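Student: I am new to this structure and would like a close look at one part of it. Could you take me through a hairpin and then show me what lies around it in the rest of the model?

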Amino acid sequence: MSAEIELKLELDPKDAGSLPRQALWRGTNHQSRQEHSVYYDTPSGKLRKHGFTLRVRSAPEGFVQTIKTIETGAGLFFRGEWEAPVDSQEPNIEQLNRTPAGELRAKKLQPVVRADVERTVWCSEKNGALLEFAMDEGELEADGRKARLCELEIELLKGRPNEAFDAARSIAEKVPVRIGVLSKAERGFALADEALARPAKASQVAVQPQMNVGDGFAMIAQSCLRQFRLNESLVLENRDPAALHQARVGMRRLRSALSMFRPALMDAEFLRLRGELRWFTARLGEARNLDVFLERDLRGDIREVISRDRERAYDHVIEALKSKRFRLLMIDFVRWISIGQWRAGDKSVRPLPDYAGKRIDRLWQRIAAHGDLRKMDDEGRHEVRTEIKRLRYGLEFLHALHDHESHRQKHFLKAIERLQEVLGHLNDIVTARDMFTQGFPAPESTHLERVPRLLSQAERRFRRLKKLGPYWSKACEV
């Protein structure tokens, strides 16, 4: 087994031709070759479900079978890899059984994804680091569906990881690249499942009780970035409102993670990166508010006006997404998550369950101290809603730590979801009222008449949440 560390960047095929002209590669030799890869799994997807991919690749020098572990990272990939030469394009079960995936006793392996790419490889040595750059251009095919592929992998062969990020940043200064979050296998399987055309919700974060704060936060943050990136293309290409909502959720989850782990993260970069995330998230807010507004029953002329405003708001979102400022932010953020100065701090190496549990306890105490929601003004209820949302995100981040409290966990999270729902309805009415002061139509009287009933619902659900209490306290003690 070998450990593979690579930084993956995605780009539009039309921009691929500019990469060799980068100063980074000037004067270096390169080699190109055609590669045909087939990814196999059982009819039930047994290998994928257990975190493995099986690939057989044909190249001029012969066939190679590779087993990899699937990592849900963002940009920087750390993967287990087992590689062996084989005689044909068909998988070799004997070689498979010599890897951890062999314990699954996977039978009836069948081809699921095919990838045909031209791989061009450069090497560069700078500041004592040796980097390999691999440019893959080609096509994925799964179940009759096809998708273009154009990505650049920067692999650190020797030296400090910082050099890989410096190289990525140098490229991003001139070429519109994006952090890659899917391996070829994941992209191919998503193509087979038609998942690439659907908005992506947050997936469960696989934190472990033995993790320290640094590794736990990195895994959580990468999960948030992954959710954002899986929705970004649908926003850019289709202006999909559901995808924009999920992209915004990914960014809000990321900002909640920064708040939750703040004492352990404070270094020279923290405030700058947090400010840049706030800048970008604000660009998403206006478009989302207009999407929600358009869900109402509106007169045709009013809907036409708001639809035009919505298109302008999406123009601003897309402008931000395509900006150099944003793509450099993403690379800087992945660098900071992976090798930032905060990683050397004392709090970074503390046990994750104890640290995170205490942080969530503090947030819960603030929430539980609030009085009757019906007696609060809009600003006060908005503060409670924000705290409730952060609590829910925090508990979802740590979901895997509380499996033995699954019954209480299920009821608490359901209660917090129901409270969030009614607070969200109240917030939508307040937002519509605020938009009225900016020239938009006033909220219908039927919406305003709902407020007393919604306030009563919110208070009942808030009391229910308090009664259920914090299921995580004992679970987080170490």
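Tutor: Happy to, and please keep in mind that this is a predicted model. Let us start with strands E6 and E7, which form a hairpin with 2 residues between them. In its turn sits Asn127, with a positive phi of about 55°. Most residues other than glycine have a negative phi. Asn127 is a residue other than glycine, yet its phi is positive. You will find Asn127 in the loop between E6 and E7, and Asn127 is exposed, with a relative accessible area of 59%.

Now look at the strands on either side of that turn. E6 covers residues 110-126 and E7 covers residues 129-142; the two run antiparallel and are joined by 13 bridges. One place to see the pairing is Lys126, which stands opposite Ala129 in E7.

Follow E7 onward and a further hairpin appears, this time made of E7 and E8, again with 2 residues between the strands. Here Asp143 takes a positive phi near 55°. E8 spans residues 145-158 and runs antiparallel to E7, with 13 bridges joining them. Within this pairing, Glu132 has Glu155 in E8 as its bridge partner.

From E8 we can step into the interior. Ile154 is one of the residues with the most contacts inside the largest nonpolar core, together with Trp336 and Leu391, and that core has 112 residues. Apart from it lies another core, of 14 residues, including Tyr40, Val56, Leu104 and Ala106. In soluble globular proteins, nonpolar side chains tend to be buried together.

Val56 leads us to strand E3, residues 52-59, where 8 of the 8 residues are buried. In a regular strand the side chains alternate between the two faces of the sheet. In E3, Phe52, Leu54, Val56 and Ser58 point one way, while Thr53, Arg55, Arg57 and Ala59 point the other way, and all are buried. E3 pairs with E2 (residues 30-41) in the antiparallel sense over 5 bridges, and His36 stands opposite Ser58 there. E3 also pairs in the antiparallel sense with E4 (residues 62-69), over 8 bridges. A hairpin of 2 residues joins E3 to E4, and Ala59 stands opposite Gly62 in E4.

Leu391, named above for its contacts in the largest core, is also one of the buried residues of helix H12, among them Val384, Ile388 and Leu395. H12 holds 20 residues, 378-397, and at 1.5 Å a residue it should span 28 Å; its end C-alpha atoms are 28 Å apart, which agrees.

To finish, compare our first turn with another loop. Glu194 is found between helix H4 (184-192) and H5, and its phi is near 60°, a positive value in a residue other than glycine. Glu194 is partly exposed, with a relative accessible area of 47%, whereas Asn127 is exposed.

Methods
Residues numbered from 1 in each chain as written. Predicted model: local features only at pLDDT ≥ 70, side-chain atom pairs only at ≥ 80, totals over all residues. Heavy atoms only, no water. Helix = DSSP H or I, 4+ residues; strand = E, 2+ residues; numbered from the N terminus. Expected span 1.5 Å × (residues − 1). Buried < 20%, exposed > 50% of the residue type's maximum accessible area, 1.4 Å probe, protein only. Pairing = 2+ DSSP bridges. Core = buried A, V, L, I, M, F, W, Y, C linked by side-chain atoms within 4.5 Å.
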